[in-house]
Amino acid sequence: MKVIHQSVYAFDKANAPVCSADVGEVLLFQPMDCFSNKLVSEEMQIADVLATGFDVANPAAGPVYINGAEPGDVLAVDILDIRVADVGTVGTMAGCGPLADEAELRVKKVAIKDGFAEFNGVKFPIDPMIGVIGTAPAGEPVMCGSPGLHGGNMDSKLIRKGARVYFPVQVPGALLQMGDIHAAMGDAELCGTGVEIPGEILVKTSLIKNFELNMPVTETATHWWVNACAMDYEETLKIASEELCRLLMNVTGWDKTDTYMYMSIQSDVQINQACKPCSLFMDLRFGTPKLAGFKPLIG
Ligand code: CA
Ligand code: ZN
């Protein structure tokens, strides 16, 4: 099995692949945490690590060149497992999130044991998820700290073990990379960090040839979720609903108005990440239950 531990800090078609892999090969990614494993003590501040800017934030392991993937295809990534280290880190950042003005700058280490995390004596089950995952954009590079239509820092807590995530392939080989594991994170990631932690991600890819997909989609046991980001809620919801509407119309054969009405009564908006202003984007997922009696939305 190929093990990928080398990191990059941008989604960039010019990044040299760490290795190539065939479709269906199981791959083990071993990313550092979002601080490049440099935030080693509660005496430090996040700014100590990120003093040089966000270019050391959110390393992603990879990229892997997927043999046979070409622009216009869709790369499906099955998240087979996520294993985390035994200690994670949460911290506040200056100006980050809605309570930033009232909060001190603080870093806390969070111990992980037997599937539980402990914060101030409160134990809760971990729910490991992948913050940063995607393929290289066709255009300008995008830093790993940003979300985009290629994926990137989507921070969807549904991207956990058992999920399948679909990405548009924009460059030959797709250039798959991932990192920013959270042992736990709440929707919106209020102060800008989850339980940031190094770990291992086991995935398996598959390829759908010549399928139009304009942004990443997460498939869970019960739902399809379009992941979208733009500058504000209205714009993000618009691009997410346009994409979900298009995908639904493809399989149902309904017209736009029927599909619009169906989405209004069955589709849900959930926030991935919205800790402005440290993230410029409103990042959400718009999902719909799987439809019995119809083809899958993608595939
Ligand atoms: Ca993140
Ligand atoms: Zn993170």
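## Basis of the description

A residue counts as buried when its relative accessible area is under 20%. The structure described here is a predicted model.

## Cysteines

By the cut-off for burial, Cys245 is buried, because its relative accessibility is 4%. Cys19 also counts as buried, at 18% relative accessibility.

The structure contains zero disulfides. A disulfide would require two cysteine sulfur atoms within 2.5 Å. For Cys19, the closest cysteine sulfur belongs to Cys144 and lies 16 Å away, so the separation is too far for a bond. Cys245 likewise takes part in no disulfide; the nearest cysteine sulfur to it, in Cys229, is at 20 Å.

## Zinc site

The zinc ion (ligand 2) has protein donors from Asp180 (OD), His182 (NE2) and Glu196, the last of which supplies two OE entries. These donors lie 1.9 to 2.6 Å from the ion. Along the chain, the donors of the zinc ion (ligand 2) follow the spacing D-x1-H-x13-E. His182 belongs to strand S17 (residues 176-182), whereas Glu196 is in the loop between S17 and strand S18 (199-208); the pair therefore ties together parts that are 14 residues apart in sequence. Both residues are shielded by the burial criterion: His182 is buried at 0% relative accessibility, and Glu196 is buried with a relative accessible area of 1%.

The angles among the four donor atoms of the zinc ion (ligand 2) run from 54 to 147 degrees, and the site is irregular. A tetrahedral assignment would need all angles between 85 and 135 degrees. The ideal angle for four tetrahedral donors is 109.5 degrees. Asp180 has a further role in the geometry, as it bridges the zinc ion (ligand 2) and the calcium ion (ligand 1). The two ions lie 3.3 Å apart.

## Nonpolar cores

In soluble globular proteins, nonpolar side chains tend to be buried together. The largest nonpolar core in this model holds 34 residues, of which Phe29, Ile79, Ile133 and Ile201 touch the most other members. Strand S7 (residues 74-84) gives the most to this core, contributing four residues. A separate core of 25 residues lies apart from it, with Tyr166, Phe211, Phe286 and Leu297 among its members.

Beyond its neighbours within four places in sequence, Ile133 is in contact with residues including Phe11, Val77, Ile79, Met154, Ile159, Phe167, Leu176 and Met178. The contacts of Ile133 also include His150, Gly151, Gly152 and Gln177.

Terms used
Residues are numbered from 1 along each chain as its sequence is written. Chains are lettered from A and ligands numbered from 1 in the order in which they are written. This is a predicted model: local features need pLDDT of at least 70, side-chain atom pairs count only at pLDDT 80 or more; totals for chains, interfaces and linings use all residues. Side-chain values use heavy atoms; hydrogens and water are left out. Buried means under 20% relative accessible area, exposed over 50%, partly exposed in between (1.4 Å probe, protein chains only). Donors are N, O and S atoms within 2.8 Å of the metal (3.2 Å for Na, K and Ca); water is not among the atoms, so sites may look incomplete. Four donors count as tetrahedral if all angles lie between 85 and 135 degrees; four count as square planar and six as octahedral if opposite donors are over 155 degrees apart and all others between 65 and 115; anything else is irregular. Helices (H or I, at least four residues) and strands (E, at least two) are DSSP runs, numbered from the N terminus. A nonpolar core is a set of buried Ala, Val, Leu, Ile, Met, Phe, Trp, Tyr and Cys residues joined through side-chain atoms within 4.5 Å. Contact means heavy atoms within 4.5 Å.
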